[in-house]
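Trainee: I am new to this structure. Can we go through it by asking how each label is earned?
Mentor: Yes. Here it is.

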Amino acid sequence: MDLRVDQPLWLLLLIPIGIYFIWTWKKDKKSLKKEGKKVFCIRIIAILCLILGITNPYLLLPIKEEQVLFLIDRSASLQGTDQQITEWIDESLQSKKSSHLVGVYTFAENFQTEIALTDGEINLPVFSPMAEAGNTDLAKALQLSTGIVEPNKATRIVLFTDGLETVGSVKDEIVKIAGGNVTIDVVQRARLSSEDVAITSFETPPVAFEGEQQQLNVTLEATSDSAAELLLYQNDQLITREQIKIVPGTNTYTFRNASKGEGLLKYEAQVVLAEDGLIENNKLTSVTNVESSPRLLVVTHDGNSSTIAAVIDQQAISTDVIDASVLPFDLSNYLAYDAIIFDNVPGHVVGEQKMTVIEQAVKNFGVGFMMVGGKNSFGLGGYFKSPIERLLPVEMEIKGKQQLPSLGLIIVMDRSGSMSGTKLEYAKEAAARSVEMLREGDTLGFIAFDDRPWEIIEAAPLNDQESAVESILSVGPGGGTEIYTSLAAAYEKLSPLKLQRKHIILLTDGQSATSNDYQTLIENGTKELITVSTVAVGQDADRALLESLAEMGGGTFYDVQDESTIPAIMSTETAMISRTYIEDNPFYPTIYGDAAWTSLFSEGVPQLNAYIATTPKQTASIIAESEKEDPVLVEWMYGLGRTIAFTSDSTGEWSGDFARWKNWGDFWNTAVSRLLPAYSEVPFSIQKSADESFTVTDPSGKSSFLEVAAVNEKGEELSVTSEALAPGKARVTVDSDPGLVFFRISNEQDAVYQAGISIPYSEEYKIQKPSTETLEMITNRTNGKLLTEPSEVFREMELSSSEKQSIQHFLLLVAIILFFIDITIRRFGFNLLFAPFKKSRKKLEPVNSTTTTNVGKLVREKKKR
């Protein structure tokens, strides 16, 4: 028996009252007679009873009865365990005592009673069918079972489960149970079937184009070795039947299929085998929205042969092949294509303006872009610091700069009056870009000329790039044009230098004011290993002279009609003389990354002959890598568009065995598929959440309200619960069986969108091990135990059963009686209080009444005197 109070704060009243009584006692104890001291004590007792009474006191009276609930998980993940659990419970009941109340309850998503709490004999029945075994709600089962028991009795719940929950949160429910009069023991169970194969993932492109080779990825989980048949269906028509051998663990299979027609396309994957634990997890569906055939633009130059258009699927992809020189300037012309491929195209033919437009098409409109290697591509193509370099997943700079040859470069640039305006600005930008490509310690000189040479930067090792760039950009236009003396000054500066490579770049838009012996000048320079390249800008340049100078000087002549190509030309020239870009040692690349690529190499990786060295950007995804850890195939997202860099070529000269490989066509089809826009131009987006609901959003922000309807494949309208999260955004929950569900979404502006969503089978049917972490959490927080033996069920409980017995009314009654006694004594004295007892005693003693009367009279007379 235990005395407790519900409102202990009232006990604080004892402090001031105690002080008052102590003070009163000290003050009046000398004057108090024996009767007064008794009244004082009665008053104290009454006050104590009153204060204790208002604290709502009660006695805990022990109860012998204890409650034991068997709570059995009968969801799909424990299919076939009923008999095993029944035997376990039967054995445990042999230890049951007469003081135990026992009940048996089962659950999956719902909760049901098999045997209600009873102190009688337990005969386990055949469990009643479980209506919704496709989900497990542990939290709900524990909540309802704790609501059934009497809270004042010690209770033990024996939970048979694997700890795998698909609905609710048992962690949140345990917080409410912990600290109460309930402990939870757990008997860990697992599915009896040891052999099972499940399709855990079936992925198809959310958006595809008509005729495109779509990649279908199937992932299986298996518990043992087995042979099976994998079937793929498209709109319920069998498209693939393949015999497969399955190993324990994860098995991945990749297939390709070209779709026909437009609209929603249903795919279904199914695995069939002789012996399987569950058939519910052997099928998954997926939906692909098929749009009209994509358009591809392949860009080449100057007769360079490109095999890309020939090897890709022409029926699936509409392909145009053009020369880089006729690329359009307007964005609208590029937006007509879904992807663009530059196949060995030099940057100086494209120009900065067109590059900028292409960059915008990729970044803001999702057009894919790919650059393919060759002697005119990447760093050798003059793309350093260009808009194309910004969008690519690689940088034109290369690693291992310490192995590069020593270099001396002098730029001789025309600054005459005719160069003023955009020509001079592009020329200075080009020269500055060349400086940025040089290493610290390379020799740099810069001569700007008009009617005479001006040495802006003296030929010397480069120690301050920033200062050199500022000097170049500060050059302004001048007077006439004098080429020879300026070129001679450059040769004079380079000749005595002991460098492995010495090069001059001459850029002008006019004709020299004087005619001199250029041949002798260049021949003498050749003896000193000096080369020269020339750039003719505009119609007025002396093309014949500049072309002959480049030919004699062992360099390249560039005829520029578009000033925006000058930076690319200068970058190309600087790259060719400052870097060793081409790696031409045959090798077998190492393959990484996405299954879209790796599946192509399942039977081996062909040999590559050569590639252009580049450096991958930090967030790029490397697909193929050389032995020197240089990227060969790399991709990333740039804004809305995906871009790919393939640093080998398409002709076979560099790509070697790749061009003779049986999957060469699939390689390019995969590349094009990766480039195609990854977003869908629809008014609404649908995303699946972790709680199996869907979030529907209007990305345009034009909708205030969204109305969603759902229909299954049979045409039956489904129950839809829609919750508005924000204007143009709603959370949608659909009550549907696994399979396809078709959404119809509309808004107040009558914009309508139809989409197909795949509802997979429940998590219950996946191949999973019991969640020991969850089971341990349940037992630890409720002071329970993981049971291994049935006899442990009815062990002694640490908790005690007790019943509350309130004594508040009794204490208040005592207080009232004591107060009544206190008042009576103070008003009439103790004689009146005990008068009844005195009269009764007189009756017991017979006395002569006359004598008593006479004696009384004598006493009274005496008192009068």
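Mentor: Start with one pair of residues: the bridge partner of Val372 in S33 is Phe646. Keep in mind that this is a predicted model.

Trainee: How many bridges join strand S19 to strand S33, and what is their sense?
Mentor: Four bridges join S19 (residues 368-372) to S33 (residues 641-646), and the two strands run parallel. Two strands pair if there are at least two bridges between them. With four, S19 and S33 therefore count as paired.

Trainee: Which sheet holds them, and what is the strand order?
Mentor: It is an open sheet of eight strands, in the order S17-S16-S18-S19-S33-S32-S31-S28. The pairing is mixed.

Trainee: Why do strands S17 and S28 count as edges?
Mentor: Strand S17 (318-323) and strand S28 (590-591) each have a single partner strand, so one side of each has no neighbour in the sheet.

Trainee: Which strands does helix H9 touch?
Mentor: H9 (residues 352-365) packs on the sheet and touches S18 (339-343), S19, S32 (631-638) and S33. Its direction makes about 70 degrees with that of S32. Angles of 65 to 115 degrees count as roughly perpendicular, so H9 is roughly perpendicular to S32.

Trainee: What does H18 touch on this sheet?
Mentor: H18 packs on the sheet too, touching S16 (295-300), S18, S19, S32 and S33. The direction of H18 makes about 145 degrees with that of S33.

Trainee: Where else does H18 appear?
Mentor: In the lining of the second largest pocket. Elements giving two or more residues there are S9, strand S10 (213-222), helix H17 (595-598) and helix H18 (664-675). S10 gives the most, with four residues.

Trainee: What is the volume of that pocket, and which residues lie nearest its centre?
Mentor: The volume is about 530 Å³. The lining has 23 residues, and Pro205, Pro206, Val207, Ser673 and Arg674 lie nearest the centre. By class, the lining divides into ten nonpolar, seven polar and six charged residues.

Trainee: Which sheet does S9 belong to?
Mentor: Five strands form an open sheet in the order S9-S15-S14-S11-S12, again with mixed pairing. S9 (207-209) and S12 (237-246) each have a single partner strand, so they stand at the edges. Neighbouring strands here are turned by 30 degrees against each other on average, direction ignored.

Trainee: What makes S11 and S12 a pair?
Mentor: Nine bridges, in the antiparallel sense, link S11 (residues 226-234) with S12. The cut-off is at least two, so they pair. Among the partners, Leu232 bridges to Thr240 in S12.

Trainee: Now the helices. Why is H1 called roughly antiparallel to H2?
Mentor: H1 (residues 14-28) and H2 (residues 34-54) pack at about 175 degrees, with axes 12 Å apart. Over 145 counts as roughly antiparallel, so H1 earns that label against H2. H1 brings Leu14, Ile17, Phe21, Thr24 and Trp25 to the contact, while residues from H2 include Phe40, Arg43 and Ile47. The contact has nine nonpolar, one polar and two charged residues.

Trainee: What makes H5 roughly parallel to H19?
Mentor: The axes of H5 (residues 170-177) and H19 (residues 772-781) cross at roughly 10 degrees and come within 10 Å. Angles under 35 degrees count as roughly parallel, so the label fits H5 and H19. Val170, Lys171, Ile174 and Val175 of H5 meet Thr774, Met777, Ile778 and Arg781 of H19. Five of these residues are nonpolar, one is polar and two are charged.

Terms used: Residues numbered from 1 in each chain as written. Predicted model: local features only at pLDDT ≥ 70, side-chain atom pairs only at ≥ 80, totals over all residues. Heavy atoms only, no water. Axes fitted to C-alpha atoms, helices over the stretch in contact; angles between N-to-C directions. Contact = heavy atoms within 4.5 Å. Nonpolar A, V, L, I, M, F, W, Y, C, P; charged D, E, K, R; others polar. 1 Å grid on protein atoms, 1.4 Å probe; cavity = no way out; pocket = protein on both sides within 12 Å on 5 of 7 lines; lining within 4 Å. Points joined across faces, edges and corners; volume = space filled by probe spheres on them.
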